[in-house]
Amino acid sequence: MREKVKQLKHNYTLRCLYSFVMVILSAMLQAYVIQVFITSSGLLSSGFTGLAILINRITGLFGFELDVSMLIILLNVPVALMCCRSISVKFTVFSSIQFISASIFLKLFQFPPLFEDILLNCIIGGVLYGFSILIALVGNASTGGTDFVALYVSNKINKSIWSWVFAFNCIMLIIFGAMFSWEMAAYSIVFQYISTKTIDSFHHRYDRVTLQITTEKAEEVVDAYVENYRHGITVTPSYGGFSRKKYYLLHTVVSSYEVRDIIQLLREADPQVIVNMTKTENFVGGFYSKKIE
């Protein structure tokens, strides 16, 4: 028992270290994109970072400028506190490390612009900005702000709402366009659309997959599966059309990010198992989603 507890603590420490490294990389990339592609081109990024830049620009009209780094922290902290219990303390802490680190990096480093062409800045900057958010998500964290809200709601309804986040950003850009430049607001929409589609293309936490499992060892496979996962599984007796041997068909619906581990588990229970995967377009009924940790 002591050995098991020790192993769990060791695994938890490694997961925390992994999350810490990922959020630092995410923060560094985000600070780089803000300076190289966003600020240098007069663009507006998404989320609370974009809101901080917008407030900085608006206050500049009145003869003073509130610091972007300080605004990022001030805007994110209240949302982090509100979502802490609803999501998880660990997730909130590492997300907070991300946006605080990004704010510090913006102060510590000065990266020169790469391109003069604004369209190149929109395309390349949008992709990189999306990846900065993805890196945090892969590390079981976020970049804070609207990411907190998006993941909190998505975890409740089991659907991606990045399109709604994009709509929120567009409203913010309308204000930006009306006060400063409609042309730059239009380019910023292109930038944000590319970054949002980058996230949506690679972040598949809420995609579902149907597994059709063929095995002779139904009991062993089912026991191993239900011991490790909380999804339902249906067992149907069948036989091989060619061999005439008795088989069992097992059906279950799982999240796409679980597939690799599930297949490994099934092959441990039955090395001869056959698994057919198909994408699930829609699912009606109760579906267990693992809490964000």
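In the predicted model, helix α2 contains a series of buried residues, namely Gly47, Phe48, Thr49, Gly50, Ala52, Ile53, Leu54, Asn56 and Thr59. Helix α2 covers residues 47-60, and at 1.5 Å a residue its 14 residues should span 20 Å; the C-alpha atoms at its ends are indeed 20 Å apart, which agrees with that expectation.

The UniProt record, an unreviewed entry, lists residues 12-31, 62-81, 87-106, 118-141 and 161-182 under "transmembrane region". For two of these spans the model can be set beside the record. Residues 12-31 are 100% helix and 0% strand, with their end C-alpha atoms 29 Å apart, while residues 62-81 are 70% helix and 0% strand, with their end C-alpha atoms lying 31 Å apart.

Further along the chain, four strands form an open sheet in the order β2-β3-β1-β4, and their pairing is antiparallel. The strands at the edges are β2 (234-239) and β4 (274-280), and because each has a single partner strand, one side of each is left without a neighbour in the sheet. From one strand to the next, the twist averages 25°. In general, the strands of a sheet pair through backbone hydrogen bonds, and this pairing may be either parallel or antiparallel.

The pairings can be followed across the sheet in turn. Strand β2 is joined by six bridges to the antiparallel strand β3, which comprises residues 246-255, and here Tyr239 has Lys246 of β3 as its bridge partner. Strands β3 and β1 are paired in the antiparallel sense over eight bridges, with Thr210 standing opposite Val253 in β3. Strand β1 is also joined to β4, again running antiparallel, by seven bridges, and the bridge partner of Thr214 is Ile274 in β4. Six of the eight residues of β1 are buried, so this strand is largely enclosed by the rest of the structure.

Two helices accompany the sheet. Helix α9 packs on the sheet and touches β1 (208-215), β2 and β3, its direction making about 15° with that of β3. Helix α10, formed by residues 259-269, lies across β1, β3 and β4 and runs at about 160° to β4.

Within helix α9, which covers residues 218-228, Glu220 offers a single residue to examine. Glu220 has a relative accessible area of 43% and is therefore classed as partly exposed, the range between 20% and 50%. Although Glu220 and Asp270 are 50 residues apart along the chain, their C-alpha atoms are separated by 7.6 Å.

Definitions and conventions. Residues are numbered from 1 along each chain as its sequence is written. This is a predicted model: local features need pLDDT of at least 70, side-chain atom pairs count only at pLDDT 80 or more; totals for chains, interfaces and linings use all residues. Side-chain values use heavy atoms; hydrogens and water are left out. UniProt positions are given in the numbering used here, feature names are shortened, and annotations may be inferred rather than shown by experiment. Helices (H or I, at least four residues) and strands (E, at least two) are DSSP runs, numbered from the N terminus. Buried means under 20% relative accessible area, exposed over 50%, partly exposed in between (1.4 Å probe, protein chains only). Two strands pair if DSSP finds at least two bridges between them. Axes are lines fitted to C-alpha atoms, for helices over the stretch in contact, and angles run from 0 to 180 degrees between N-to-C directions. Contact means heavy atoms within 4.5 Å. The expected span of a helix is 1.5 Å times one less than its number of residues.
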